[in-house]
Amino acid sequence: MTAPAQTAAEPTALVVDDEPQMTIIIEFALQTQGFTVLTAHDGATALHLLRTHAVDLVVLDVMMPVMDGLTLCGRIRARSDVPIMLLTALSQHDDVIAGLEQGADDYVTKPFHPREVALRAQALVRRHRRGGGAVIRVGRLVIDPVTQSATLAGRRLDLPFTEFKLLAHLATSRGGPQSWQELLREVWGTADLLGGRDVVKSTVYRLRSRLAGVPGGAAYIRTLRGVGYLMPDLPPDTAEESGSGDDESEDPSAG
């Protein structure tokens with residue numbers, strides 16, 4: 001299918017699905033909302049297109065042969081912060097959680113309305129493109145919303161897109177606890193994410209583990225049992241501490 005002429009503001013989506021008919025349906029829905037669409041029917045082709053094209057969004061089916069969608073999601077996220085939307089069957093609850101833990105940003109369950117996919121795609125691209133705002137400083141943590149980069153004690157933090165959004169939101173809300181429901185709305189853009197509490201808990205755990213790789217970094221995210229999470233308003237000369245001050249474990253396997 002010949003793609004329409006692309007304008008400077010027009011986003012490009014990569015649709016990855018081994019079912020040609022499903023690919024055509026999603027491609028048409030995205031094009032009606034102004035997307036230029038690339039398609040792939042396997043993981044290897046998708047990775048090649050990501051290397052050779054500027055892509056603003058990946059729409060990815062979970063159930064694919066050879067390289068399944070979860071594996072592909074992890075490989076994409078290891079090299080790019082491009083927004084990823086998963087397509088999954090309603091019964092695949094564990095796959096949804098695993099995909100979000102791999103760094104996916106949203107999901108749609110089958111059967112779905114094509115327009116829902118297109119509108120969610122637009123929302124993901126808008127959130128990802130949204131820049132501006134002053135640099136955020138908390139203690140020795142520096143977050144730049146424009147470049148979507150963060151450093152702690154001068155060390156760059158290599159964060160997937162969702163973890164960066166979570167860190168930035170906690171930093172802008174520092175001193176005030178955020179419930180997992182609030183984090184779902186502000187970071188994931190929905191209050192109805194399947195398994196939402198577990199997704200938030202796992203993402204906080206991974207983010208805290210990255211911060212803890214820098215001396216004193218564990219102090220930047222605290223858990224208040226039964227309340228939520230907060231980033232304390234630390235002074236710039238925060239001492240290096242080993243403890244996190246948490247009231248409960250954030251290991252997602254913990255009961």
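Helix axes are lines fitted to C-alpha atoms over the stretch in contact, and angles run from 0 to 180 degrees between N-to-C directions. Helices (H or I, at least four residues) and strands (E, at least two) are DSSP runs, numbered from the N terminus. The model is predicted: local features need pLDDT of at least 70, side-chain atom pairs count only at pLDDT 80 or more, and totals for chains, interfaces and linings use all residues. Residues are numbered from 1 along each chain as its sequence is written, and side-chain values use heavy atoms, with hydrogens and water left out.

**Exercise 1. Describe how helix 6 and helix 7 pack.**

Step 1. Two packed helices are described by the angle between their axes and the distance between the axes.

Step 2. Helix 6 covers residues 161-172 and helix 7 covers residues 180-188; the angle is about 120° and the axes are 10 Å apart.

Step 3. List the residues in contact (heavy atoms within 4.5 Å). Helix 6 supplies Thr162, Lys165, Leu166, His169 and Leu170, and helix 7 supplies Leu183, Glu186, Val187 and Trp188.

Step 4. Sort these residues, with Ala, Val, Leu, Ile, Met, Phe, Trp, Tyr, Cys and Pro as nonpolar, Asp, Glu, Lys and Arg as charged, and the others, Gly among them, as polar. The contact of helix 6 with helix 7 then has five nonpolar, two polar and two charged residues.

**Exercise 2. Summarise the chain and its nonpolar cores.**

Step 1. Count the elements: the chain has eight helices and 11 strands.

Step 2. Take burial next: buried means under 20% relative accessible area, exposed over 50%, and partly exposed in between (1.4 Å probe, protein chains only). Of the 255 residues in the chain, 50% are buried.

Step 3. Consider sequence separation. Among contacts in the chain with a separation of 6 or more, 61% are between residues 24 or more positions apart.

Step 4. Find the cores, each a set of buried Ala, Val, Leu, Ile, Met, Phe, Trp, Tyr and Cys residues joined through side-chain atoms within 4.5 Å. The largest nonpolar core has 56 residues, and Leu14, Val58 and Leu167 touch the most other members. Helix 6 gives the largest share of this core, six residues. Another core, of 19 residues, lies apart from it and includes Ala13, Val37, Leu124 and Val125.

Step 5. Look at Leu14 itself. Beyond its neighbours within four places in sequence, its contacts include Leu38, Ala46, Leu57 and Val58.

**Exercise 3. Place Ala118 and state whether it is buried or exposed.**

Step 1. Ala118 lies in helix 5, residues 114-129.

Step 2. Ala118 counts as buried because its relative accessibility is 1%.

Step 3. Leaving out residues up to four places away in sequence, Ala118 touches Ala29, Leu30, Gln33 and Phe35. Leu30 is 88 residues from Ala118 in sequence, yet the two C-alpha atoms are 5.1 Å apart.

**Exercise 4. Examine the backbone at Pro111, Val66 and Ala153.**

Step 1. Most residues other than glycine have a negative phi, and most peptide bonds are trans.

Step 2. Lys110 and Pro111 are joined by a cis peptide bond, with omega about -5°. Pro111 sits in the loop between strand 5 (106-110) and helix 5.

Step 3. Val66, not a glycine, has a positive phi of about 65°. Val66 is in the loop between strand 3 (57-61) and helix 3 (69-79), and its 93% relative accessibility is why Val66 counts as exposed.

Step 4. Ala153, also not a glycine, has a positive phi of about 55°. The loop holding Ala153 runs between strand 8 (149-152) and strand 9 (155-157). Ala153 counts as partly exposed because its relative accessibility is 36%.
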